[in-house]
Amino acid sequence: GSFRADLLARLNPRAHLTLPPLRERAADLPELVERFTARSFTAPADRRLLTDYARHASVDPGPTVALGRAVPSDRVCFVWSKEALRLLARHPWPGNLRELQQVVATASVVALGDALGLVRRNVATDRDSAAWIPIPNALVQSLLAPPPPSRCRGAAGRAARSPRRARRR
């Protein structure tokens, strides 16, 4: 009875929300990918990259997202293929939403950087194709792959390889 009731109510609410992990909500992936792609360009450096691309491609920088196919647009449009969405749906998502957000942001920025290089070299000719930025399936697959084993050098690496030597020191 000596604990403050208002503080207890904040720490122990009556209504508990339980959200299932992302791997159990594959149906939510398209909407999340769409939102996270658009949100990827809120950081100043990424926003500058988007603005620079839009200026070179003569399109509006407000990003849109197309899932499954390219759609006509006068704005920068990130296109996620059906196969890329399948790859995302098959991933177990141990990092849950934060991992998805990182994968989507990285894929979007890398694809935009590649597209900017092409536009600067005048490879994209018409305005419609310049507005579309496809997210390559290979890029998505590489972002979902487990990281390679670490090749540590120094004392920590030696200790991991031969525990007996580390104990003697």
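This report walks through the fold, the sheet, one helix, an aromatic pair and a few single residues.

**Overall make-up**

The model is predicted. The protein chain has nine helices and three strands. Along the sequence, these elements follow the pattern α-α-α-β-β-α-α-α-β-α-α-α. The chain counts 169 residues, and 30% of them are buried. Its accessible surface is about 11,500 Å². Carbon and sulfur atoms account for 54% of that surface. Contacts also reach along the chain. Take those between residues at least 6 apart in sequence: 64% of them join residues at least 24 apart.

**The sheet**

The three strands form an open sheet. Their order is β1-β2-β3, and the pairing is parallel. Strands β1 (60–68) and β3 (132–135) stand at the edges. Each has a single partner strand, so one side of each is left without a neighbour in the sheet. On average, neighbouring strands in this sheet are turned by 25° against each other, direction ignored.

How many bridges join β1 and β2? The two strands pair over six bridges, in the parallel sense. Strand β2 covers residues 75–81. Within this part of the sheet, Ala66 stands opposite Val79 of β2.

Gly68 belongs to strand β1 as well. Its relative accessibility is 23%, and it counts as partly exposed. Buried would mean under 20% relative accessible area, so Gly68 falls outside that class. The C-alpha atoms of Gly68 and Val79 are separated by 7.1 Å. Along the chain, these two residues are 11 apart. Leaving out residues up to four places away in sequence, Gly68 touches Trp80, Ser81, Lys82 and Leu85.

**Helix α4 across the sheet**

Helix α4 spans residues 82–90. It lies across β1 and β2 and runs at about 60° to β2. Which residues of α4 are buried? They are Ala84, Leu85, Leu87 and Leu88. Seen down the helix axis, these buried residues fall within an arc of 155°, so they line one face of α4. The general geometry is simple. An α-helix has 3.6 residues a turn, so residues three or four places apart point the same way.

The buried residues of α4 pack against several elements. Among them are the strands β1 and β2. The helices in this list are α2 (29–39), α5 (96–120) and α7 (137–144). On the other side of α4, Lys82 and Arg90 are exposed. Two residues named here also appear among the contacts of Gly68: Lys82 and Leu85.

**An aromatic pair**

The structure holds one aromatic pair. Phe41 and Phe78 form it, and the pair is stacked. The ring centres are 5.1 Å apart, with 20° between the planes. Stacked requires planes under 30 degrees apart, so the 20° angle of Phe41 and Phe78 qualifies. Where do the two residues sit? Phe41 is in the loop between α2 and α3 (44–57), and Phe78 is in strand β2. They are 37 residues apart, and the pair links distant parts of the chain. Are these residues buried or exposed? Both Phe41 and Phe78 are buried.

**Single residues to look at**

Most residues other than glycine have a negative phi. Ser58 has a positive phi of about 60°, although it is not a glycine. Asn96 also has a positive phi, near 55°, and is a residue other than glycine. Ser58 lies in the loop between α3 and β1. Asn96 is found in helix α5.

Ala145 sits in the loop between α7 and α8 (155–161). The C-alpha atoms of Ala145 and His91 are separated by 9.2 Å. The two residues are 54 apart along the chain.

The table lists partly exposed residues with their relative accessible areas.

| Residue | Place | Relative accessible area |
|---|---|---|
| Ser58 | loop between α3 and β1 | 49% |
| Gly68 | strand β1 | 23% |
| Asn96 | helix α5 | 29% |
| Ala145 | loop between α7 and α8 | 41% |

Key: Residues are numbered from 1 along each chain as its sequence is written. This is a predicted model: local features need pLDDT of at least 70, side-chain atom pairs count only at pLDDT 80 or more; totals for chains, interfaces and linings use all residues. Side-chain values use heavy atoms; hydrogens and water are left out. Two strands pair if DSSP finds at least two bridges between them. Helices (H or I, at least four residues) and strands (E, at least two) are DSSP runs, numbered from the N terminus. Axes are lines fitted to C-alpha atoms, for helices over the stretch in contact, and angles run from 0 to 180 degrees between N-to-C directions. Contact means heavy atoms within 4.5 Å. Buried means under 20% relative accessible area, exposed over 50%, partly exposed in between (1.4 Å probe, protein chains only). The arc is that of the directions from the helix axis to the C-beta atoms. Rings of Phe, Tyr and Trp (its six-membered ring) pair if their centres lie within 6.5 Å; planes under 30 degrees apart count as stacked, over 60 as edge-to-face and the rest as tilted. Accessible areas come from the Shrake-Rupley method with a 1.4 Å probe; for residues, only the protein chains shown count as cover.
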